[in-house]
Amino acid sequence: MASISARGGLLVAAATAAALLAPAVSGAIVARDCARPGAACTIAETARRAGVHFGAIASTGQSDAERALLAEHFTSVTAENAMKWGEIAPRVGNYGFADADEIAAFAETNGMRLRGHTLAWGVMQMPSDLASTVAAAADPAARMSELLGEHFGTMVGRYGARVAQWDVVNEPLEVAGTVLAKNVFLDALGPGYLGLSFALARALAPGASLYLNEYVLSWPSPKLAALRTLVGNLRAGGVPIDGVGIQGHFYPFFPLPDRATMEQELRAIADLGVEIEITELDVSSWHFRDDPDPLARQAAFFGDVVSACMAVPSCRGITTWGIQDGDSWLDHAPPFDLAAPNDPLLFDRDLEPKPAYAAVRDAIATRAVPFEDEAWGVFRRVGKLRRDGLLRGPSVRTARRVVRRAAQMLRAERFADACDRLARGVRAANEATGPAVAEAAEAITALRLGLRCDEA
Ligand code: G3I
């Protein structure tokens, strides 16, 4: 098995190198050389080939060596602080773009996706005079709307072409509650600040995915149900939310969920019809402090989180909230600093990959397997629609046949062939008659979307 060295890059045995040098095939889901457990690839290579993103944060304090790790092992970048309103504009309208510009340029230079974090976070890191400026206005609500519009316009105007996803609203719910958190936006605008924020973002950044990013969802809680209700109601009311970010801080002192629970939670949110990303993953090693092999246990947990995401087609990416253990917010933020060193990341303080690195990579490589299950699910669903008389005509038989074939091809990791069959399945479903034509075609289309069949 190849070893991955932070400083030396990927060191591969000759045989593995030959495999890696196999002719490149086009399409994110076609080239799956890395997408097999134990493959000697970086996380970035595996993620690219599995059609998902795996990112980490960038901050201005990072060393060249840390930045080299970021570029080599990750595919996506989130600014830890530099794009937050109060960091980029310590006072209202008083922008200093240097730090955010540098991070955006780093992402661009290295061909990495950029997540925009975050446009409206009403609790922390706001301009110091935002609340007083709004309070002093004759019409505070109008003034807050105006300031949000100016800020969103400034940020999207400067970074919009480079930002694939915006965390439009961050942490709208109470930390462990089920209602909206009290904050400057809620105070001035009421709950309508959410709809306003997403509408502004959509108008300014029509091509970006717009996310609501929420925290403390990492174990079963009423907050998850509240989030579903919130997002479901907003979307039903026409608010353009494309995705839900689940931060994924596995803080010390709180229980860890099991893998099945995590997948269940992700599916519960995906069922709303949104994309999902785990946007701020870190796993405090406090949880494993009494274990004879804490690093192995931490690796297993990281693997569980990532495989839960990989099992849900609309879970499209994961970002770790840091690169290396020596630079984690958990060691500085009360009460989590009491557990320092939390060592919650994939690289150690010497910038060497921890066991969690391989666990994450191998979990990403499992991306294909759940799609096979999904394909069989679609196969059965089309069959039921036919039996119920809701889908009729000779092309239904074709649709079922090609979906079944696609499932078999997914098992054999013949992803491009599976995509071709599924495209035929969509056509065949549309040629059928009966009230369930759209339902059948959409089910097959959803599978194609999950597989990213049409993406290069
Ligand atoms: O800006 C001051 C700077 O002037 C001063 O020199 C320095 C000295 O300590 O402090 C600086 O402010 C710090 C800021 O980060 C920028 O470095 C704050 O003290 C510090 O509290 C702040 O922490 C950030 C935290 O958000 C604030 O809430 C963390 O770095 C950052 O990792 C963390 O990230 C958040 C996500 O955005 C949202 N989800 C939760 C996550 C963890 O809290």
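This is a short walk through a predicted model, with a suggestion at each stop for what to select.

**Stop 1: the ligand**

Start by selecting the ligand and the residues around it. You should pick up 15 residues, and among these E80, K84, H117, E171 and E280 come nearest. Colour that shell by class and you'll get four nonpolar, six polar and five charged residues.

Now show side chains for K84, H117 and W321. For K84, look for a polar side-chain atom sitting 2.6 Å from an oxygen atom of the ligand. H117 does something along those lines, with a polar side-chain atom 2.7 Å from a ligand oxygen. Then swing over to W321, where an N or O atom in the side chain is 2.9 Å from an oxygen atom of the ligand. While you're here, switch on a surface: the ligand taken alone exposes 790 Å², and the protein buries 51% of that.

**Stop 2: the strands, one after another**

Hide the side chains and go to cartoon view. Select residues 113–120, which make up strand β5, and then 163–170, which make up β6. β5 and β6 pair in the parallel sense, over five bridges. To find one spot where they meet, click on A120: its bridge partner in β6 is V169. H117, which you met at the ligand, falls within the 113–120 stretch of β5.

Is β6 mostly covered or mostly open? Mostly covered, with seven of its eight residues buried.

Next, add residues 209–214, strand β7. β7 pairs with β6 in the parallel sense, again through five bridges. Here the pair to click is D167 and Y211, with Y211 on the β7 side.

Keep going and select 243–246, strand β8. β7 and β8 run parallel and are joined by four bridges. E214 is a handy marker, as its bridge partner in β8 is I246.

Pause on β8 and turn it around. In a regular strand the side chains alternate between the two faces of the sheet. In β8 that puts G243 and G245 on one side and V244 and I246 on the other. Which of these four are buried? All of them, so both faces of β8 are covered.

Finish this stop with residues 275–283, strand β10. Four bridges join β10 to β8, and the two run parallel. Click G243 and you'll find E275 of β10 standing opposite. E280, one of the residues that come nearest to the ligand, lies within the 275–283 range of β10.

**Stop 3: the disulfide**

How many disulfides turn up in a search of the whole structure? One. Select C309 and C315 and show them as sticks: their sulfur atoms are 2.1 Å apart. Check the torsion about the S-S bond too; it's about -100 degrees, so this disulfide is left-handed. Both ends are tucked away from the surface. C309 counts as buried because its relative accessibility is 0%, and C315 is buried as well, with a relative accessible area of 0%.

**Stop 4: a loop residue**

Last, select R91, in the loop between α4 (85–88) and α5 (98–109). Is R91 buried or partly exposed? Its relative accessible area is 46%, so R91 is partly exposed. Add S128 to the selection and draw a distance between the two C-alpha atoms. R91 and S128 are 37 residues apart along the chain, yet those atoms are separated by 5.6 Å.

Terms used: Residues are numbered from 1 along each chain as its sequence is written. This is a predicted model: local features need pLDDT of at least 70, side-chain atom pairs count only at pLDDT 80 or more; totals for chains, interfaces and linings use all residues. Side-chain values use heavy atoms; hydrogens and water are left out. A residue is near a molecule or strand if one of its heavy atoms lies within 4 Å of it. A polar contact is a pair of N or O atoms within 3.5 Å; within protein, one must be able to donate a hydrogen and the other to accept it, and residues adjacent in sequence count only if both atoms are side-chain atoms. Accessible areas come from the Shrake-Rupley method with a 1.4 Å probe; for residues, only the protein chains shown count as cover. Ala, Val, Leu, Ile, Met, Phe, Trp, Tyr, Cys and Pro count as nonpolar, Asp, Glu, Lys and Arg as charged, and the others, Gly among them, as polar. A disulfide is a pair of cysteine sulfur atoms within 2.5 Å. Buried means under 20% relative accessible area, exposed over 50%, partly exposed in between (1.4 Å probe, protein chains only). Two strands pair if DSSP finds at least two bridges between them.
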